[in-house]
Amino acid sequence: MIDLRRAGPQDVDALIRIRGAVRENRLRDPASVTRADYHWFVAENRIWLGEIDGRVAGFAAGDPRDGTIWALFVDPAHEGRGLGAKLLEKACEDLKADGLSKITLSTDPGTKAAQLYRNLGWQEEGLLENGEVRFGLIL
């Protein structure tokens, strides 16, 4: 059973653990995402997390400042259960409620994440300077 809820300050360690456990889209510079970043998104009520059997299994967040999906990560032990798609939907709903009509995200090419975005109707918009693929979605 998957339960979705907003993340609170008590969840930050679990979010950081999941972000560090992923096999794809690993941070090139781990210092580029700080604990303060997580706390900002939590304080702004922007992070959705998914729990499976009472344990945090994934999370997603949309950034209202630039209309991007800031995070979508699922613990590798819980991949393939539809959790990522459910979390992404919640983050997109938040951005739509913010009044955005188009949102973007980026990911490494050739990943399961890239395929998920295509399957969910996101349009590939090209490569970024860092080598990631940029996707866009009209809301």
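Just after helix H4, Gly121 takes a positive phi of about 95 degrees. I should say at once that the model before us is predicted, and that every value I quote has been computed from it.

Two residues other than glycine also have a positive phi, and I take them alongside Gly121. For Asn45, phi is near 60 degrees. Asn45 sits in the loop between H2 and strand S2, the latter spanning residues 47-52. With a relative accessible area of 40%, Asn45 is partly exposed. Asp53 is likewise not a glycine, and its phi is positive at about 55 degrees. The loop that holds Asp53 runs between S2 and strand S3, residues 55-63. Asp53 reaches 71% relative accessibility and therefore counts as exposed, the cut-off being over 50%.

Let me return to H4 itself, residues 112-119. Which residues of H4 are buried? They are Ala113, Ala114 and Tyr117. These residues cover an arc of only 100 degrees around the axis, and so they lie on the same side of H4. In general, an α-helix has 3.6 residues a turn, so residues three or four places apart point the same way. Lys112 and Asn119, on the other side of H4, are exposed. As to what lies over the buried residues of H4, the cover includes strand S4 (68-74), helix H3 (83-97), strand S5 (102-107) and strand S7 (133-138).

From strand S5 I would single out Thr107. Its relative accessibility is 2%, so Thr107 counts as buried. Setting aside neighbours within four places in sequence, Thr107 is in contact with Ala113, Ala114 and Tyr117, and also with Asn25, Glu132, Val133 and Phe135. Ala113, Ala114 and Tyr117 are, as I said, the buried residues of H4.

Glu132, one of the contacts of Thr107, deserves a word of its own. Glu132 is placed in the loop between strand S6, residues 123-127, and S7. Is this glutamate, Glu132, buried or exposed? At 14% relative accessibility Glu132 counts as buried, since the limit is under 20%. Beyond residues up to four places away in sequence, Glu132 touches Ser106, Thr107, Asp108 and Pro109, together with Arg28, Gly126 and Leu127.

In the segment after S7 we come to Leu139. The relative accessible area of Leu139 is 29%, which makes this residue partly exposed. If neighbours within four places in sequence are left aside, the contacts of Leu139 are Cys92, Leu95, Lys96, Leu100, Ser101 and Ile103. Leu139 and Arg35 are 104 residues apart in sequence, and their C-alpha atoms are 30 Å apart in space.

Arg35 brings me to the pair formed by H1 and H2. In general, two packed helices are described by the angle between their axes and the distance between the axes. Here the axes of H1, residues 12-21, and H2, residues 35-43, come within 10 Å and cross at roughly 120 degrees. The two helices are therefore oblique to each other. The handedness of this crossing is right-handed. Which residues make the contact between H1 and H2? On the H1 side they are Val12, Asp13, Leu15, Ile16 and Arg19, and on the H2 side Arg35, Tyr38, His39 and Val42. Sorted by class, this contact has five nonpolar, one polar and three charged residues.

H1 may also be considered from the point of view of burial. Val12, Ala14, Leu15, Ile18 and Arg19 are the buried residues of H1. Viewed down the axis of H1, these buried residues fall within an arc of 160 degrees, and they therefore line one face of the helix. Their cover includes H2, along with S2, S3 and S4. Val12, Leu15 and Arg19 thus appear both among the buried residues of H1 and among those in contact with H2.

I close with Ala43, which is found in H2. Ala43 has 66% relative accessibility and so counts as exposed. Ala43 and Arg6 are 37 residues apart along the chain, while their C-alpha atoms are separated by 10 Å.

How values were computed. Residues are numbered from 1 along each chain as its sequence is written. This is a predicted model: local features need pLDDT of at least 70, side-chain atom pairs count only at pLDDT 80 or more; totals for chains, interfaces and linings use all residues. Side-chain values use heavy atoms; hydrogens and water are left out. Axes are lines fitted to C-alpha atoms, for helices over the stretch in contact, and angles run from 0 to 180 degrees between N-to-C directions. Helices (H or I, at least four residues) and strands (E, at least two) are DSSP runs, numbered from the N terminus. Angles under 35 degrees count as roughly parallel, over 145 as roughly antiparallel, 65 to 115 as roughly perpendicular and the rest as oblique. A crossing is left-handed if the near helix is turned anticlockwise from the far one by less than a right angle, and right-handed if clockwise. Contact means heavy atoms within 4.5 Å. Ala, Val, Leu, Ile, Met, Phe, Trp, Tyr, Cys and Pro count as nonpolar, Asp, Glu, Lys and Arg as charged, and the others, Gly among them, as polar. Buried means under 20% relative accessible area, exposed over 50%, partly exposed in between (1.4 Å probe, protein chains only). The arc is that of the directions from the helix axis to the C-beta atoms.
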